[in-house]
Amino acid sequence: MKPFLKWAGGKHKLVPRIRELLPDGSRLIEPFAGSGAVFLGTDFEANLIADVNPDIVSLFTQLKYQPDEIIVETTKLFIPEHNSQDAYYQLRNEFNKIEAGVRKAALFVYLNRHCFNGLCRYNASGKFNVPFGRYASPRPPLEEMWGFAEKAQKAEFICSDFRLVLSQARDGDVVYCDPPYVPLTETANFTTYAKGGFGISDQRELADMALALSLRGVSVLISNHDNDETRALYKHAQISAFDVQRFISRDARNRNIAAELIAVYGDGCGATVADESKCSVKSCSSNPAPA
């Protein structure tokens, strides 16, 4: 099932890889929901889907309980008159002023489909500030929204910090984390998807919590760039490494191949990662990175 939101670093195309590494479980926990690609691409009996961004959680929750109203309002926004720079900035300004509700949820979908590269970025004041994207004819993702609304009946959506979300993990739960990636360069840093950002101390705490959960029998997977910094962060995990095609860059000619990894904490995942003959990723390593 394809997500209805465009998303920088979205995992839709990587879902088959992630599915192979996820063990069986009764509930999927995602502390970094993003577009919901992994939730949509897996089939757990229950799902706890969280994000620190209240606009995302509000949209997902309202799609669960009142999809008709959200989709009707979204359809009204996708008209030729709104596909201009002036209209975009007027609607973005409205989005930044109004309270959560049907209108704001629909505006989030509009902004996502009309803004530059489908980015989700906020300034220090918590205002959405992505510029106009100049697309020829953006379409409302109605079919994908209906699909999400149906799948959402098996999910609970909460707006919460990853620490509080992970504290709810219990036996039988499986955790997948897709945090803002460790930046490769100072200019390639898309961590401001919500007010406050996500720094290296957050990355370290996430890795520490993943290890602690694995020692209690809860399997945890974390996606990130593959570099020396992340190898050190995930030194206690098994590493599945592979290459991906970049899709986010101001210059399309510079959207090159990037090295990524999935850090796997927990015995329930280990056999899949360690057996390279059964793994579909480009390269696998069952050995922890050196300390």
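So, helix 4 and helix 7: their crossing is right-handed, meaning the near helix is turned clockwise from the far one by less than a right angle. Helix 4 covers residues 67–77 and helix 7 residues 142–151; helices here are DSSP runs of H or I, at least four residues, and strands are E runs of at least two. Quick caveat: this is a predicted model, where local features need pLDDT of at least 70 and side-chain atom pairs 80 or more, while totals for chains, interfaces and linings use all residues. Numbering starts from 1 along each chain, and side-chain values use heavy atoms, without hydrogens or water.

Back to the pair. They pack at about 165°, axes 11 Å apart, with axes fitted to C-alpha atoms over the stretch in contact and angles running from 0 to 180 degrees between N-to-C directions. That makes helix 4 roughly antiparallel to helix 7 (over 145 degrees). On the helix 4 side, the residues in contact (heavy atoms within 4.5 Å) include Ile70 and Ile71, and helix 7 brings Leu142, Met145, Trp146 and Ala149.

Also in helix 4 is Glu73. Buried or exposed, this Glu73? Buried, because its relative accessibility is 16%, and the cut-off is under 20% with a 1.4 Å probe, protein chains only. Leaving out residues up to four places away in sequence, Glu73 touches Val102, Arg103 and Ala106.

Now the strands. Strand 1 pairs parallel with strand 2 over 4 bridges, and parallel with strand 4 over 3 bridges; pairing takes at least two DSSP bridges. Ile29 sits opposite Leu48 in strand 2, and its bridge partner in strand 4 is Val175.

Notes. Buried < 20%, exposed > 50% of the residue type's maximum accessible area, 1.4 Å probe, protein only. Parallel < 35°, antiparallel > 145°, perpendicular 65-115°, else oblique.
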